[in-house]
Amino acid sequence: MVTPLPLPVRFADAARTTLAVPGSEEADSRRRRAEAVAELPDWEELRHAGEELRDRTLRHLDTLLETLEAAVVRAGGTVHWARDAAEARRIVTRLASAAGGGGAVELPSPLTRRIDAAGALAAAGITLHRAGGPARERLLDAALAVSGARFLVAETGTVVAFEPDGDARMCLTLPRTLITVAGIEQVVPRLRDLEVLLQLLPRSAGERMSPYVTMWTGVTPDDGPREFHLVLLDDGRTAALSDGTGRTALRCVGCEACLRVCPVYKRVGDDPYGELPGPIGAILTPQLRGIEAAHEASLPFASTLCGACADVCPVRIDIPDVLVHLRARVVESRRRHPVPTPELALMRAAAWTMGDRWRYERALARATRWGGLLPGGLLRRLPVLPLLLGRWTDARDLPALPDRSFRDWWKARR
Amino acid sequence: MRVALFVSCVNDALQPRTGRAVVRLLERLGHEVVFEPAQTCCGQMHWTTGYHREAAGLAARFAGVFGRHEAVVTPSASCAATVRAVHPRLTGGAPPPVYELTEFLVDVLGVTDVGACYPRKVVYQPTCHSLRATRLGDRPLRLLRAVRGLEFAELPDAEECCGFGGAFALKNADTSVALGADKVRHVRGTGAEVVCAVDDSCLAHIGGMLSRLRTGVRAVHLAQILAATGSGGEGEEW
């Protein structure tokens with residue numbers, strides 16, 4: 001079970017212990033994605049359409065959510081608003097307890113796992129069985145189902161789920177009560193907007209289409225659940241929306257293509273990222289949870305900015321740009337500390353030196369003089385150099401220091 | 001043509017041979033190279049680590065130093081990307097016309113055979129900024145393939161990041177080294193004597209590991225290969 005609490009450790013410290021060699025299935029999944037995408041001649045246009053659709057949705061999220069609520073109510077369902085994961089757990093527990101006895105099944109999504117719906121219900125004495133596999137029979141006598149969702153259609157109040165095995169359909173037909181939990185950003189304006197997303201999402205995951213695309217709308221007399229509840233979770237999303245650059249992260253449709261191409265994620269796996277793995281987690285978690293704690297503040301720096309993620313993102317989230325933006329937010333918050341961090345002092349000093357030709361040239365001259373004073377090779381290999389430099393020389397030699405800078409050579413040449 | 005060289009602070013201080021190679025190469029092709037002595041840093045390090053106020057000062061400074069030039073050439077794809085994509089956001093104005101070296105050679109001068117001779121087995125590492133920010137495409141490869149005596153080897157998983165990542169190399173040193181180890185393994189597997197690229201900072205990371213492991217494989221900027229004529233002159237220095 002994924003812990004819903006933020007990790008206390010910085011990314012680098014966690015990653016040190018989880019470094020591993022990626023298996024061959026990682027390379028396979030990347031190849032499958034590349035092949036699935038290459039089959040569509042208009043892939044780039046689709047990505048632009050996806051970006052435009054998601055941005056438009058986020059811009060009008062307030063009115064779309066009202067439209068969605070009205071549509072769900074019209075269809076016989078009830079909408080519940082949860083400020084955070086704890087409130088979502090309370091709502092789900094209350095609704096589940098009211099649903100009475102009988103079995104309970106979960107059609108999990110990354111979100112239901114993150115809010116730990118199963119853990120909350122277990123505390124209330126309700127065992128939530130995972131749908132699928134050997135637990136399928138449990139669905140037959142289930143009185144309650146808790147599900148995630150992929151998209152919510154505002155105009156119709158329809159919930160859309162993508163799944164490999166059709167369990168959502170059993171969830172829909174058998175239990176008396178169905179509770180669906182989703183993030184407020186998962187809305188799409190109209191049913192026909194799914195056309196773009198139904199192409200972008202499966203192909204980004206390496207499939208031509210999702211094996212099952214299941215949709216349900218409210219309740220139907222004498223068929224399926226008698227009660228339908230939609231729990232809409234904010235959990236930091238509204239705060240993220242107020243950041244013009246940062247909010248592009250909420251375009252995410254959860255395909256995980258960025259995880260599969262990320263060189264860092266491939267090596268360190270899920271755990272160092274905390275609640276949401278990979279490049280998307282590195283830009284979403286600090287926005288949803290704030291950048292004050294050491295773990296969240298370290299996430300925007302957990303990337304080489306190689307850009308592989310931005311190239312594959314089906315809704316064109318410029319992940320490296322958001323990372324850099326969030327790094328600046330971390331730095332800005334540190335500027336307010338009464339005592340400057342060593343890094344801030346160093347970066348200010350560097351900018352001050354670079355800001356003037358004469359200061360810069362004096363620093364260059366000093367550096368080459370120092371380099372010349374040390375015995376050949378010693379500085380290059382010393383693993384115990386102070387502060388940051390030691391983290392370089394721990395596993396890498398420094399370049400041999402030149403006896404004169406480029407500009408000194410240029411001056412002498414004239 | 002009169003070309004202003006933006007050598008980059010990293011090369012000025014740590015890899016002056018790259019700057020010397022660019023001068024030698026462009027002069028051999030018949031162009032005049034000028035060096036603005038007031039140049040320092042484009043602000044890339046400050047930008048990528050989140051020190052945007054400081055980066056803004058350096059970007060404004062860069063525009064003042066290079067603003068009147070017709071063409072500015074730099075042997076760093078990441079600096080070129082910073083000037084082009086980041087400076088306008090920091091200064092609000094159009095940036096000076098900065099070209100990464102291979103762009104300048106192929107697109108502006110229209111040459112791919114620069115008359116170089118470099119009898120070594122070489123692999124090319126397309127650095128992330130050259131690949132995904134400046135989008136150099138096959139320009140460096142076209143230049144390399146025209147070098148006499150050069151035996152070109154394909155680098156497996158070439159488009160994977162080497163793990164340098166600027167501050168990442170220090171803030172996430174373990175992961176950085178792990179990715180670097182993958183790159184080193186692929187370079188070693190080709191039997192190449194030299195790995196080249198168009199960013200000396202990535203090369204310092206790859207080369208630093210190759211050197212620590214005593215592999216004997218050298219990390220060399222592409223400019224040095226293009227400047228070499230097989231005559232033992234400056235381009236040939238290691």
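**Reading strands, cysteines and an interface**

Modeller: Let's start in chain B of this predicted model: strand β7 (residues 194-197) and strand β8 (residues 218-221) pair there in the parallel sense, over four bridges.

Biologist: Which residue of β8(B) is the bridge partner of B:V194?

Modeller: That's B:R218. As a general idea for looking at strands, side chains in a regular strand alternate between the two faces of the sheet.

Biologist: And what unit do β7(B), helix α11 and β8(B) make?

Modeller: Together with helix α11 (residues 200-212) of chain B, the two strands form a β-α-β unit, and it's right-handed.

Biologist: On to cysteines. How many disulfides does the structure hold?

Modeller: In general, a disulfide is a covalent bond between the sulfur atoms of two cysteines. Here the number is zero, over all chains.

Biologist: Why is A:C258 without a bond to A:C309?

Modeller: Because the A:C309 sulfur, the closest cysteine sulfur to that of A:C258, is 6.4 Å away, too far for a bond. A:C258 counts as buried, at 9% relative accessibility. B:C196 isn't in a disulfide either: its nearest cysteine sulfur, in B:C202, is 12 Å away. B:C196 is buried too, with 0% relative accessibility.

Biologist: How do I read the area buried between chain B and chain A?

Modeller: Interface size is often given as the accessible area lost when the parts come together. Here, about 5,600 Å² is buried between chain B and chain A, with carbon and sulfur atoms giving 57% of it. In terms of residues, 63 of chain B are in contact with 62 of chain A.

Biologist: How many salt bridges are there between chain B and chain A?

Modeller: The count is 14. One of the salt bridges joins B:E160 to A:R30, whose closest N and O atoms are 2.8 Å apart.

Definitions and conventions. Residues are numbered from 1 along each chain as its sequence is written. Chains are lettered from A and ligands numbered from 1 in the order in which they are written. This is a predicted model: local features need pLDDT of at least 70, side-chain atom pairs count only at pLDDT 80 or more; totals for chains, interfaces and linings use all residues. Side-chain values use heavy atoms; hydrogens and water are left out. Two strands pair if DSSP finds at least two bridges between them. A crossover is right-handed if, with the strands pointing away from the viewer, the path from the first strand over the helix to the second runs clockwise. A disulfide is a pair of cysteine sulfur atoms within 2.5 Å. Buried means under 20% relative accessible area, exposed over 50%, partly exposed in between (1.4 Å probe, protein chains only). Contact means heavy atoms within 4.5 Å. Buried area is the accessible area (1.4 Å probe) that two parts lose on being put together, summed over both. A salt bridge is a side-chain nitrogen of Lys or Arg within 4 Å of a carboxyl oxygen of Asp or Glu.
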